[in-house]
Amino acid sequence: MNINGTPYRTIWTAADGRTVQIIDQTRLPHDLVIVDLTGLTEAARAIKDMLIRGAPLIGATAAYGMALAMAEDTSDRHLDTAATTLLATRPTAVNLRWGVERLKALLAPLPEAERLEAAYAEAARVADEDVAMCAGLGEHGLKLIRAIHQRKGGPVNILTHCNAGWLATVDWGTATAPIYKAFDAGIPIHVWVDETRPRNQGFNLTAFELGQHGVPHTCIVDNAGGHLMQHGQVDMVLVGTDRTTARGDVCNKIGTYLKALAAHDNGVPFYVALPGPTIDWTVDDGVAEIPIEERDPAEVTHITGALAEGPTATVRLTPAMSPAANPAFDVTPARLVSGLITERGVAEASRAGLAALYPEAAHGE
Ligand code: MRU
């Protein structure tokens with residue numbers, strides 16, 4: 001996708017073929033800053049401090065982190081260190097584990113002399129596959145949006161939460177891929193963009209990328225969605241996910257569950273878009289089994305934004321003596337999900353629905 005007319009992916013290798021480059025997403029939408037990742041430590045820091053974020057991009061960065069580690073030292077010991085270091089960065093998005101394990105399984109049996117080249121080639125494949133999967137699921141989601149448009153006429157109003165856009169993947173996005181495809185196909189659409197406190201990924205990232213693409217959108221506070229649904233102003237909720245369980249429970253940014261409840265109460269379809277690597281086949285009950293990241297309470301007690309026409313500033317919102325809690329994700333049970341939009345088609349949110357699309361994974365082949 002483009003920023004100010006220049007095409008970007010969210011992660012790529014520099015001309016030296018070894019340095020990994022990313023867009024520092026903590027600086028958007030106010031500043032476009034490219035950061036060099038030159039080793040394992042920087043890659044892990046980029047994930048932990050959320051210079052990059054979003055489940056598929058975390059997976060791709062983990063893969064490149066393994067490659068950067070091999071550029072430092074191709075020993076078994078460093079391979080293990082790299083896996084342990086990367087896995088400790090963030091607990092919820094399963095794509096992290098998927099990316100690390102994919103690289104480790106490939107590299108461990110290889111002679112040390114072959115590991116470096118193989119690691120970079122595999123990380124590039126992970127990134128390219130992510131682009132293809134997101135573009136593919138976008139086509140399936142496009143059909144749903146087109147059907148709503150044909151049924152009701154006028155613009156299709158889509159509500160999204162957090163950023164499941166191209167910035168959360170390598171390109172296209174998950175929730176935004178159908179949106180971009182629909183917009184490019186000339187279907188009139190309008191997106192309600194949830195702010196997504198405390199880190200404001202909706203305003204900072206989703207609104208930014210929709211604006212860059214010319215997609216009509218409106219920024220709303222996190223609590224507005226239910227009201228809009230009651231008044232017929234939302235045709236579809238479309239979100240991403242950090243981990244979807246084998247039975248179709250969906251873990252996503254905190255607040256997603258409340259949107260699903262409001263959608264259910266108002267008969268609004270609630271769809272979740274995801275590439276295959278976001279499914280955790282080892283987990284069934286998302287509420288009981290998915291580890292939910294607890295982030296720094298300072299993200300709740302403070303907020304950062306740009307001063308009018310000036311630099312960014314961080315200000316305190318809460319009384320200095322009041323404690324704060326910051327769970328970063330929640331789980332929406334499968335019964336509230338209208339469908340899972342994947343690169344293989346739209347699945348019912350159930351074990352049978354997912355197994356029909358991914359028989360090899362569901363049966364552990
Ligand atoms: O904490 P973040 O910004 O990494 O959370 C991101 C989300 O919750 C996204 O909705 C999810 O990763 C899906 S990304 C296509």
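**View 1. Strands β17 and β18 side by side in a predicted model.** Here β17 meets strand β18 (residues 345-347), and the two run antiparallel, joined by three bridges. Look for leucine 340, which stands opposite alanine 347 in β18. Just two residues sit between β17 and β18, and the pair makes a hairpin.

**View 2. The other partner of β17 is β12.** Strand β12 (residues 270-273) runs parallel to β17, again with three bridges holding the match. To find your place, start at tyrosine 271: its bridge partner in β17 is glycine 339.

**View 3. Both faces of β17 are covered.** In a regular strand, side chains alternate between the two faces of the sheet. Strand β17 covers residues 339-342. Gly339 and Ile341 are on one side, Leu340 and Thr342 are on the other, and all four are buried.

**View 4. Helix α2, mostly tucked away.** Of the 18 residues in α2, 16 are buried, so the rest of the structure largely encloses this helix. The helix takes in residues 55-72, and its end C-alpha atoms are 26 Å apart. That agrees with the 26 Å it should span at 1.5 Å a residue.

**View 5. Around the ligand.** Which residues come nearest? They are Arg53, Ala164, Ala168, Gly240 and Lys253, out of 18 around the ligand. Helix α2 and strand β11 (250-253) are the elements that give two or more residues to this shell. By type, the shell splits into seven nonpolar, eight polar and three charged residues. Domain 1 (2-129) and domain 2 (137-363) both chip in residues, so the ligand lies between them.

Terms used
Residues numbered from 1 in each chain as written. Predicted model: local features only at pLDDT ≥ 70, side-chain atom pairs only at ≥ 80, totals over all residues. Expected span 1.5 Å × (residues − 1). Buried ≥ 20, exposed ≤ 12 C-beta atoms within 10 Å, placed from the backbone. Pairing = 2+ DSSP bridges. Near = placed C-beta within 6 Å. Nonpolar A, V, L, I, M, F, W, Y, C, P; charged D, E, K, R; others polar. Domains from an automatic or database assignment.
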